[in-house]
Amino acid sequence: MASCAVNFMKLFNFKSYQLVTSNLTRVNINFIQVRDYAARRGTREKRLKLLRAKKNSKKPEEKTKGKKLKGITVQPVYPRIQEELKPSCIDDVVVTKYYRWKLYDFAEAIQCHRETHHPTVYNQPDSYVQAHIELDMTAAKKNRFVDNFSRLATVAHPFPMGDPRSVIVFCKTSELQNEAKEAGANLVGDSSLIREIEKGNVFIKDFDHVLAHPNVLPEMVSIRGLMRKTFPNARAGTLGVDLTSMIKRFRDGIRYSAQKDEHWQDFGLIKVNIGKLDMEIEHLQENLQNVLRDIHSVRPKRKGPFITKVLICSAPSVEKFKLNLAALLPELASDLEEASDSDEDEEDEGDMRKRKMKAISA
Amino acid sequence: MTGYCASRLVTGVLGWNGHCLRAPSTVPLILQIRNTFILQRRTPPGLTKKNKRPKLRSRHYVYDLVEDTNLRKQENLNVILTSYVQGLGVKGDRVSVKPKLAYEKLLLPGLAVYATRENVKMYEESVDKEEKTPAFSSASVERTVGILSRQILAVVMNLETEWTLQPWHLRISFRKAGFIVPEYAIELPEEPIKGPNLDLEGKEFKITVTINKSETVPVRCRIHHWSTNPGDRLPYVQDHWQQTAEPLFPDNQKSFQSDQ
């Protein structure tokens, strides 16, 4: 039997090891298969490939934030300029780079831009007034950030924006349809228009916005598939009773988008045109205030400001004038305090709940 | 608790006859680092009889780190200036600065002394009012004067519209360049500068800026014509301030050159 076992082992080239314990019992462990001939075809190539791959793939480069210029990694600069930490100057002639930035009132900033756009200098008195709004994109939870968002802010004093928006309105009664036409809708209709769309004579995608009155809604369900996201709903503001205000909002509203910095996710920037330099200063201010209120409405529920800085720019000038936010929107300051207070209350409630749960489980 | 830092220093070692015993090679240069770590025993030692030391076992030699004094915030040093120092103050002023700056720039060159009780009496209180009158109206004026004297201001004016140079044109040019200069502080040349005139393009003239209504600085300015229509714009001159320019008023050429 033993010889049989040995022959078996030799035939298949198994080698076994015997563990001799103190009781002098023999225990076979681990049949290790040993081959004396070369590896089968393909295995050597595979092995070479692996070796090459290991050599080529160096340590996964830590995603360095910087770009490589001639072999040197250039670290990206933190976009938030913390000039509030600098001292303030007493002299009347000031070298601004050493000191805190001057806080301008809105009217003052517009006047400064009008000076540079004067006929004797740049001669562009009707250029756009742009607001650069810096945001703190940190969310309520630590190390979490608010996503990029794009919104439409209603504007009290519309101005030509260079991108005319087309609006299609669905409503039933002729009164409403006249109202919509007067408000500036491109195309107004009811069930007949819906049929045209179903046939394919009218493309709904030709229009930027789709608005509807609730009385047409049951009939619009048939073309719901054609417009997935753009189907009128109350949440987006595309479904409502007051058609004039809706049309004005979507035609003349200021569209803006908040973009996070690709390297520094807590920094968000919005560049938005709020009017033309030759508009009245009060109108421009109201437009800016509306945009800021709209931004403030989507702030994350945490302590600290969402809007950190507002700068007023106007091409082709390179100047940026920092605005005094407290003077511009005094209600924001109080809102921030309320938000922080409510957060504290929520925290207390959360703790209470936790304590209750512990008590119950204990 | 002190530590040692070993750094490498390239030196050679010479023998008594001047020949090189050891070839210039790296010799370890050991420098002492002075620091203090505040530790706390984990297990307090037991009570003892009077005038007797506690019996310390190995468990008593286990410590927790309370504070590394190197990580404390640097406190400012109070020093009293013995002479005028740009950006800080005049003789007799007590100034609070970071320790490194105080040691290297003030105490070592003898421009200041430590603000001890005796020094306060000697240097701060006994300084005459006459000596205290500063050379400049404020601490930052000397720096502003230096910067403005080196500045070549680009004054952008329109290529199509007629204009006469006004103080507000210079005020806005200063603002674009990063200076806040009020109109009352700007003094234009006597002859009015009118345009658009391409003969004036890139030519230099001087204005006088008055800081805090006391110090005056001559500032060099150059006119650049700018067209609203991008097609009519003049070719951009890279780093125009590094090139010499002709004076706008050739009559004043002598004084111009001497000032430069």
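Angles under 35 degrees between helix axes count as roughly parallel, over 145 as roughly antiparallel, 65 to 115 as roughly perpendicular, and the rest as oblique. Keep that handy for the exercises below, and keep in mind that this is a predicted model.

**Exercise 1. Work out how helix 3 of chain A sits against helix 8 of chain A.**

Step 1: get the geometry. Helix 3 covers residues 106–116 of chain A and helix 8 covers residues 281–296 of chain A; their axes are 10 Å apart and the packing angle is about 120°.

Step 2: classify. The pair is therefore oblique.

Step 3: add the handedness. This crossing of helix 3 and helix 8 of chain A is right-handed.

Step 4: list who touches whom. On the helix 3 side you'll find Phe106(A), Ala107(A), Ile110(A), Gln111(A) and Arg114(A), and they meet Ile281(A), Leu284(A), Gln285(A) and Leu288(A) of helix 8. Sorted by class, that contact of helix 3 with helix 8 of chain A has six nonpolar, two polar and one charged residues.

**Exercise 2. Do the same for helix 4 and helix 7 of chain A.**

Step 1: helix 4 (residues 174–183) and helix 7 (residues 243–252) of chain A have axes 9 Å apart, at an angle of about 30°.

Step 2: that angle makes helix 4 of chain A roughly parallel to helix 7 of chain A.

Step 3: the crossing of helix 4 and helix 7 of chain A is right-handed.

Step 4: Leu176(A), Glu179(A), Ala180(A) and Ala183(A) from helix 4 meet Leu243(A), Thr244(A) and Ile247(A) from helix 7. The class tally for helix 4 with helix 7 of chain A reads five nonpolar, one polar and one charged.

**Exercise 3. Describe the contact between chain B and chain A, from the whole interface down to one pair of helices.**

Step 1: count residues. Chain B puts in 33 and chain A puts in 24.

Step 2: look at area. Together chain B and chain A bury about 2400 Å², with 55% of it on carbon and sulfur atoms. On the chain B side, Arg175(B), Lys176(B) and Ile180(B) supply 26% of the area buried against chain A, more than any other three residues.

Step 3: check the charges. There are three salt bridges between chain B and chain A. Arg171(B) makes a salt bridge with Glu115(A), where the closest N and O atoms are 2.9 Å apart.

Step 4: zoom in on the helices. Helix 3 of chain A and helix 5 (residues 167–177) of chain B cross at roughly 110°, and their axes come within 10 Å. That makes helix 3 of chain A roughly perpendicular to helix 5 of chain B.

Step 5: name the contacts. Cys112(A), Glu115(A) and Thr116(A) in helix 3 of chain A meet Trp168(B), Arg171(B), Ile172(B) and Arg175(B) in helix 5 of chain B. By class, the residues of this contact of helix 3 of chain A with helix 5 of chain B split into three nonpolar, one polar and three charged.

**Exercise 4. Find what the salt bridge of Lys309(A) and Glu83(A) ties together.**

Step 1: start with the total, which is 18 salt bridges over all chains.

Step 2: pick out this pair. The side chains of Lys309(A) and Glu83(A) meet at 3.4 Å, N to O.

Step 3: place both ends. Lys309(A) is in strand 14 (residues 307–313) of chain A and Glu83(A) is in the loop between strand 4 (72–74) and strand 5 (94–95) of chain A, so the bridge ties together parts 226 residues apart in sequence.

**Exercise 5. Track down some unusual backbone spots.**

Step 1: recall the background. Most residues other than glycine have a negative phi, and most peptide bonds are trans.

Step 2: look for cis bonds. Ala315(A) and Pro316(A) are joined by one, with omega about 0°, and Pro316(A) lies in the loop between strand 14 and strand 15 (321–323) of chain A. Another cis peptide bond joins Gly195(B) and Pro196(B), with omega about 5°; Pro196(B) is in the loop between strand 12 (194–195) and strand 13 (204–211) of chain B.

Step 3: look for positive phi. Asn123(A), a residue other than glycine, has phi near 55°, and Asn123(A) is in the loop between helix 3 and strand 7 (128–136) of chain A.

Terms used
Residues are numbered from 1 along each chain as its sequence is written. Chains are lettered from A and ligands numbered from 1 in the order in which they are written. This is a predicted model: local features need pLDDT of at least 70, side-chain atom pairs count only at pLDDT 80 or more; totals for chains, interfaces and linings use all residues. Side-chain values use heavy atoms; hydrogens and water are left out. Axes are lines fitted to C-alpha atoms, for helices over the stretch in contact, and angles run from 0 to 180 degrees between N-to-C directions. Helices (H or I, at least four residues) and strands (E, at least two) are DSSP runs, numbered from the N terminus. A crossing is left-handed if the near helix is turned anticlockwise from the far one by less than a right angle, and right-handed if clockwise. Contact means heavy atoms within 4.5 Å. Ala, Val, Leu, Ile, Met, Phe, Trp, Tyr, Cys and Pro count as nonpolar, Asp, Glu, Lys and Arg as charged, and the others, Gly among them, as polar. Buried area is the accessible area (1.4 Å probe) that two parts lose on being put together, summed over both. A salt bridge is a side-chain nitrogen of Lys or Arg within 4 Å of a carboxyl oxygen of Asp or Glu.
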